[in-house]
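Here are a few exercises to work through with the model open beside you. Try each task on your own before reading its solution.

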Amino acid sequence: MRAYLRASTSEQDASRGKSALDVFAAEHGLRIAARYVENESGAKLHRPELFRLLSDCEPGDVLLVEQVDRLSRLTSPDWIKLRNLIDAK
């Protein structure tokens with residue numbers, strides 16, 4: 001399981017959801033193998049930590065996010081691109 005934590009600006013705390021993700025994983029008997037934390041707009045497709053996460057993924061890995069808007073606030077065409085990248089992994 002890989003956790004992705006994002007906030008839009010450097011003034012926001014991108015890791016604020018860390019404890020909620022840790023609790024969720026523990027309650028389900030899962031282990032978070034890696035955390036990817038960044039301060040980038042969710043409206044941008046190309047985000048360094050998100051693409052590092054995708055590069056690191058192995059078949060069967062689970063992507064864990066606190067809520068869907070932490071992963072994406074993309075336009076529909078960019079969301080389709082991201083979804084295809086995730087599905088390919």
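Two strands count as paired if DSSP finds at least two bridges between them. Keep in mind that this is a predicted model.

**Exercise 1.** Starting from the N terminus, work out in what order the elements of the protein run.

*Solution.* Begin with the tally: the protein has four helices and three strands. Then follow the chain, and the elements come in the order β-α-β-α-β-α-α.

**Exercise 2.** Find the order of the three strands in the sheet, and decide whether the pairing is parallel or antiparallel.

*Solution.* Step one is to look at the bridges. S1 and S2 are joined by six bridges and run parallel; leucine 5 stands opposite valine 37 in S2. On the S3 side, three bridges link S1 (residues 2-7) to S3, again in parallel. Here arginine 2 faces leucine 63, and alanine 3 stands opposite leucine 64.

Step two is to put the pairs together: the sheet is open, its order is S2-S1-S3, and the pairing is parallel. S2 (34-39) and S3 (63-65) each have a single partner strand, so one side of each lacks a neighbour in the sheet. As for twist, neighbouring strands are turned by 25 degrees against each other on average, with direction ignored.

**Exercise 3.** Determine which strands helices H1 and H2 touch, and give the handedness of the β-α-β unit that S1, H1 and S2 make.

*Solution.* Take H1 (residues 18-27) to start with: this helix packs on the sheet and touches S1, S2 and S3, its direction making about 160 degrees with that of S1. H2 (residues 48-56) also packs on the sheet, touching S1, S2 and S3, and its direction makes about 160 degrees with that of S2. Finally, trace S1, H1 and S2: they make a right-handed β-α-β unit.

**Exercise 4.** Are the residues of S1 buried or exposed, and which of them point the same way?

*Solution.* Use the cut-off for buried, under 20% relative accessible area. Six of the six residues of S1 are buried. Sort them by direction: Arg2, Tyr4 and Arg6 point one way, while Ala3, Leu5 and Ala7 point the other way. For the protein as a whole, buried residues make up 34% of the 89 residues.

**Exercise 5.** Compare the radius of gyration of the protein with that of a compact globule.

*Solution.* For 89 residues, a compact globule would have a radius near 12 Å; the protein has 13 Å, which agrees. To complete the picture, the C-alpha trace spans about 35 × 35 × 20 Å along its principal axes.

Conventions
Residues are numbered from 1 along each chain as its sequence is written. This is a predicted model: local features need pLDDT of at least 70, side-chain atom pairs count only at pLDDT 80 or more; totals for chains, interfaces and linings use all residues. Side-chain values use heavy atoms; hydrogens and water are left out. Helices (H or I, at least four residues) and strands (E, at least two) are DSSP runs, numbered from the N terminus. Axes are lines fitted to C-alpha atoms, for helices over the stretch in contact, and angles run from 0 to 180 degrees between N-to-C directions. Contact means heavy atoms within 4.5 Å. The radius of gyration is taken over C-alpha atoms; the globule rule is 2.2 Å times the number of residues to the power 0.38. Buried means under 20% relative accessible area, exposed over 50%, partly exposed in between (1.4 Å probe, protein chains only). A crossover is right-handed if, with the strands pointing away from the viewer, the path from the first strand over the helix to the second runs clockwise.
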